[in-house]
Amino acid sequence: MNKQLKKVLQGKRDQHLEELKAFLRIPSISALSEHKQDVQQAAEWLAQALKQAGLENVQVLPTQGHPVVYADWLHAEGKPTVLIYGHYDVQPVDPLDLWETPPFEPDIRDNKIYARGASDDKGQVFMHIKAVETLLHTEGRLPVNIKFCLEGEEEIGSPNLDVFVAEHQDLLAADVLVVSDTPMLERGKPTVCYGLRGLCGLQIDVRGPKGDLHSGLFGGGVQNPIHALVSILDSMRNAQGQITVQGFYDKVRPLTEEEKEAYRALQFDEEQVRKELDVPQLFGEAGYSFLERTWARPTLEINGIYGGFQGEGIKTVLPSEAHAKITCRLVPDQDPDEIARLIQQHIERHTPPGVTVTTQLFDKGKPFLTPFDHPAIQAAGRALEQAYGVSPAFTRMGGSIPIVETFHSLLNLPAVLMGFGLPNENFHAPNEHFHLENFDQGLVALCYYLFELEKALDQQ
């Protein structure tokens with residue numbers, strides 16, 4: 001079957017790439033209202049592609065914003081069901097003058113396809129459809145049941161998908177969630193991501209006198225809001241990179257020995273990162289490696305700080321207010337609402353006299369983790385090794401995809417994040433592209449994975 005499958009995929013390669021180009025030509029930019037019809041067109045294009053692939057019950061389902069495209073194939077009686085999630089919307093293309101070729105006129109050069117959405121996420125969504133189509137056309141069946149849930153609002157934070165999932169739990173019920181919207185560790189190193197950090201964001205607003213004051217007349221007699229803000233922020237982290245907010249680490253789930261060993265086996269070059277970033281040295285929580293700090297430990301970072309005179313030269317004022325924006329990346333089993341409350345309590349305890357402090361809450365998302373030894377995770381590793389001929393990396397990811405946790409909490413689904421993009425493919429930037437070697441090998445891996453899933457989940 002392996003040789004036959006590769007032969008079929010190779011024979012269809014040119015056709016598949018022409019179809020992908022047609023998909024990429026649709027400027028489905030969800031953030032811009034003038035592209036609303038383009039997003040709708042992309043949804044309808046997907047629906048037609050799913051029907052052509054042999055999927056059934058294909059629907060373009062409305063939401064309060066852009067639609068969700070659903071399809072399924074449910075004829076593997078007694079076998080597990082796989083829910084494939086992805087998105088068909090794309091980021092805006094500005095600045096346009098930095099694109100070497102127009103963003104919605106796909107161009108293949110150096111065995112890469114250049115276009116907005118080529119890597120994030122149209123190219124990878126398309127691969128799932130073609131993997132299913134290939135198996136249905138060659139085998140006449142699938143080893144597992146399949147459902148697709150493809151949304152058009154991921155690039156604007158999926159504002160309507162939580163409600164959609166809650167209202168369609170029976171329709172989306174499955175045994176495992178598969179997502180291809182994460183990068184490989186590096187070129188030639190296929191990757192299974194099994195954990196995502198969560199997010200908690202807030203703004204700190206410090207107010208002192210009713211207006212800016214002359215620093216000569218009032219300096220030394222009135223609390224300076226910028227000094228107060230700096231004092232509050234400095235109290236949140238010590239010189240060893242540890243967060244000093246009381247209770248912050250209480251619920252952090254520690255790394256297992258198996259995970260630590262898997263990270264060490266990657267032989268990650270921290271010195272190379274230091275050189276690429278052009279910093280004197282790397283810094284973080286004492287006692288942990290760079291990968292452990294960025295994948296599996298929580299953070300509290302100041303993203304912006306402002307107040308007082310910002311112009312050229314000096315203006316001798318004592319400012320009336322100061323502000324800071326902070327975000328925390330969270331790990332299992334931290335809860336963003338609880339973390340926000342702990343930070344607010346810390347601020348109250350550390351507010352200097354002479355100012356009032358308020359906070360505004362912003363983005364939040366829960367962390368997610370599928371156990372490293374889960375059969376669906378290990379099955380993904382086997383499929384990738386068969387397709388690429390090398391051992392895959394098992395990683396967590398430092399960023400956040402809040403909707404993955406939604407699927408877990410509402411549908412009780414373990415998630416397998418099995419992406420085929422590379423970190424340097426310029427997603428969200430000009431000249432986005434997708435390496436076609438990963439299009440080719442990734443298609444094979446996705447086909448293998450459905451058979452590996454059948455065996456792995458049958459044994460549970």
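**Exercise 1.** Which residues of helix α14 (residues 402-411) are buried?

*Solution.* Keep in mind that you are working with a predicted model. Start from the cut-off: a residue counts as buried when its relative accessible area is under 20%. Going along α14, the buried residues are I403, V404, E405, T406, F407 and L411. Then step past the end of the helix: N412 follows α14 and has a positive phi, near 60°.

**Exercise 2.** Work out how α1 and α4 are oriented to each other, and what their contact consists of.

*Solution.* Let's begin with the geometry. Two packed helices are described by the angle between their axes and the distance between the axes. For α1 (residues 2-11) and α4 (residues 122-139), the axes come within 11 Å and cross at roughly 120°. Angles over 145 degrees would count as roughly antiparallel, and 65 to 115 as roughly perpendicular. The pair α1 and α4 is therefore oblique. As for handedness, the crossing of α1 and α4 is right-handed. Next come the side that each helix offers: α1 contributes L5, V8 and L9, while α4 contributes T134, L135 and T138. Sorted by class, the residues of this contact of α1 with α4 are four nonpolar and two polar, with no charged ones.

**Exercise 3.** Check the length of α4 against what its residue count predicts.

*Solution.* Helix α4 has 18 residues, and at 1.5 Å a residue it should span 26 Å. The expected span uses one less than the number of residues. The end C-alpha atoms of α4 are 26 Å apart, so the two values agree. While you are here, look at the covering of α4: 15 of its 18 residues are buried. Just after α4, G140 takes a positive phi of about 80°.

**Exercise 4.** Describe the packing of α2 with α3, then the surroundings of P27 in the loop between them.

*Solution.* Take the helices to begin with. The axes of α2 and α3 are 10 Å apart, at an angle of about 155°. Since angles over 145 degrees count as roughly antiparallel, α2 and α3 are therefore roughly antiparallel to each other. Their contact is made by E19, A22 and F23 of α2 together with A42, W45, L46 and Q52 of α3. By class, this contact of α2 with α3 holds five nonpolar residues, one polar and one charged.

Now the loop. P27 lies between α2 (13-24) and α3 (36-53). With a relative accessible area of 17%, P27 is buried. Leaving out residues up to four places away in sequence, P27 touches H35, D38 and F104. As a final distance, P27 and V68 are 41 residues apart in sequence and 17 Å apart in space, C-alpha to C-alpha.

Note on methods: Residues are numbered from 1 along each chain as its sequence is written. This is a predicted model: local features need pLDDT of at least 70, side-chain atom pairs count only at pLDDT 80 or more; totals for chains, interfaces and linings use all residues. Side-chain values use heavy atoms; hydrogens and water are left out. Axes are lines fitted to C-alpha atoms, for helices over the stretch in contact, and angles run from 0 to 180 degrees between N-to-C directions. Helices (H or I, at least four residues) and strands (E, at least two) are DSSP runs, numbered from the N terminus. Angles under 35 degrees count as roughly parallel, over 145 as roughly antiparallel, 65 to 115 as roughly perpendicular and the rest as oblique. A crossing is left-handed if the near helix is turned anticlockwise from the far one by less than a right angle, and right-handed if clockwise. Contact means heavy atoms within 4.5 Å. Ala, Val, Leu, Ile, Met, Phe, Trp, Tyr, Cys and Pro count as nonpolar, Asp, Glu, Lys and Arg as charged, and the others, Gly among them, as polar. Buried means under 20% relative accessible area, exposed over 50%, partly exposed in between (1.4 Å probe, protein chains only).
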